[in-house]
Amino acid sequence: MQDDVSGLTHLGQAETLYPDRADASLLEVFPNLYPDRNYHVTLETQEFTSLCPKTGQPDFGTISVRYVPGASIIESKSFKLYLFSFRQEPSFMETLTNRILDDLVAICAPRRMTVVGAFRPRGGVGITVEATYQE
């Protein structure tokens, strides 16, 4: 038996939430009303998942993004959907963290941005990757 979700519109569609590969086109921005002011925006989720490219086993982690916006600000729900799109993405943690940074910089052109991927231990070893951009 399958749940009837046809009347639900705020949660998105399965195709959007679970694409085959990570999809930067899910990211959206809105205008920064204070483009001449330096201030920090932090986005964080503890629900990031991807796949090990060698074993196919899931990797779980926390993704934190801290940035000084330029003309645009990242819309948080689109950020969440973008991160969800990595669930079937087979990539190493170092690659994922740098790819997230590249995608976010491309969509919002921040003054500065740091992305930290803190991945839970698998096989007894945790990995934290930090990637930074500055204009």
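In this predicted model, strands E2 and E3 run antiparallel and are joined by nine bridges. Within this pairing, Leu-43 has Val-65 of E3 as its bridge partner. The two strands form a hairpin, with six residues lying between E2 and E3. Gly-56, in the turn of this hairpin, has a positive phi of about 80°.

The hairpin belongs to an open sheet of four strands, arranged in the order E2-E3-E5-E6 with antiparallel pairing. Strand E2 (41–51) and strand E6 (125–134) stand at the edges, and each has a single partner strand, so one side of each is left without a neighbour in the sheet. On average, and with direction ignored, neighbouring strands of the sheet are turned by 15° against each other. Strand E3 (residues 58–68) is also paired with strand E5 (residues 112–122), in the antiparallel sense and over eight bridges. In this second pairing, Ser-64 stands opposite Val-116 in E5. Helix H2 (residues 76–84) packs on the sheet, where it touches E2 and E3. The direction of H2 makes about 20° with that of E2.

The sheet is part of a chain with three helices and six strands. Along the sequence, these elements follow the pattern α-β-β-β-β-α-α-β-β. Of the 135 residues in the chain, 40% are buried. Among contacts between residues at least 6 apart in sequence, 68% join residues at least 24 apart. The accessible surface of the chain comes to about 8,200 Å², and carbon and sulfur atoms account for 52% of this surface.

Helix H3 (residues 93–108) has 16 residues, which at 1.5 Å a residue should span 22 Å; the end C-alpha atoms are 23 Å apart, in agreement with that expectation. The buried residues of H3 are Met-93, Leu-96, Thr-97, Ile-100, Leu-101, Asp-103, Leu-104, Val-105 and Cys-108. Just after the helix, Ala-109 takes a positive phi of about 45°.

In soluble globular proteins, nonpolar side chains tend to be buried together. The largest nonpolar core of the model has 27 residues, of which Val-65, Tyr-67, Ile-100, Leu-104 and Met-113 touch the most other members. Two or more residues are given to this core by each of E2, E3, strand E4 (72–74), H2, H3 and E5. The largest share, seven residues, comes from H3. Ile-100, a buried residue of H3, touches Phe-48, Ile-63, Tyr-82, Leu-83, Phe-86 and Val-115, when residues up to four places away in sequence are not counted.

Ile-74 is placed in strand E4. With a relative accessible area of 4%, Ile-74 counts as buried, because that value falls under the 20% limit. Leaving aside neighbours within four places in sequence, the contacts of Ile-74 include Glu-28, Val-29 and Phe-30. Other residues in contact with Ile-74 are Leu-43, Tyr-67, Phe-79, Leu-104, Cys-108 and Met-113. Among these, Tyr-67, Leu-104 and Met-113 are also among the core residues that touch the most other members. Pro-31 lies 43 residues from Ile-74 along the chain, and the C-alpha atoms of the two residues are separated by 9.1 Å.

How values were computed. Residues numbered from 1 in each chain as written. Predicted model: local features only at pLDDT ≥ 70, side-chain atom pairs only at ≥ 80, totals over all residues. Heavy atoms only, no water. Buried < 20%, exposed > 50% of the residue type's maximum accessible area, 1.4 Å probe, protein only. Contact = heavy atoms within 4.5 Å. Areas by Shrake-Rupley, 256 points an atom, 1.4 Å probe, with all protein chains shown as cover. Pairing = 2+ DSSP bridges. Axes fitted to C-alpha atoms, helices over the stretch in contact; angles between N-to-C directions. Expected span 1.5 Å × (residues − 1). Core = buried A, V, L, I, M, F, W, Y, C linked by side-chain atoms within 4.5 Å.
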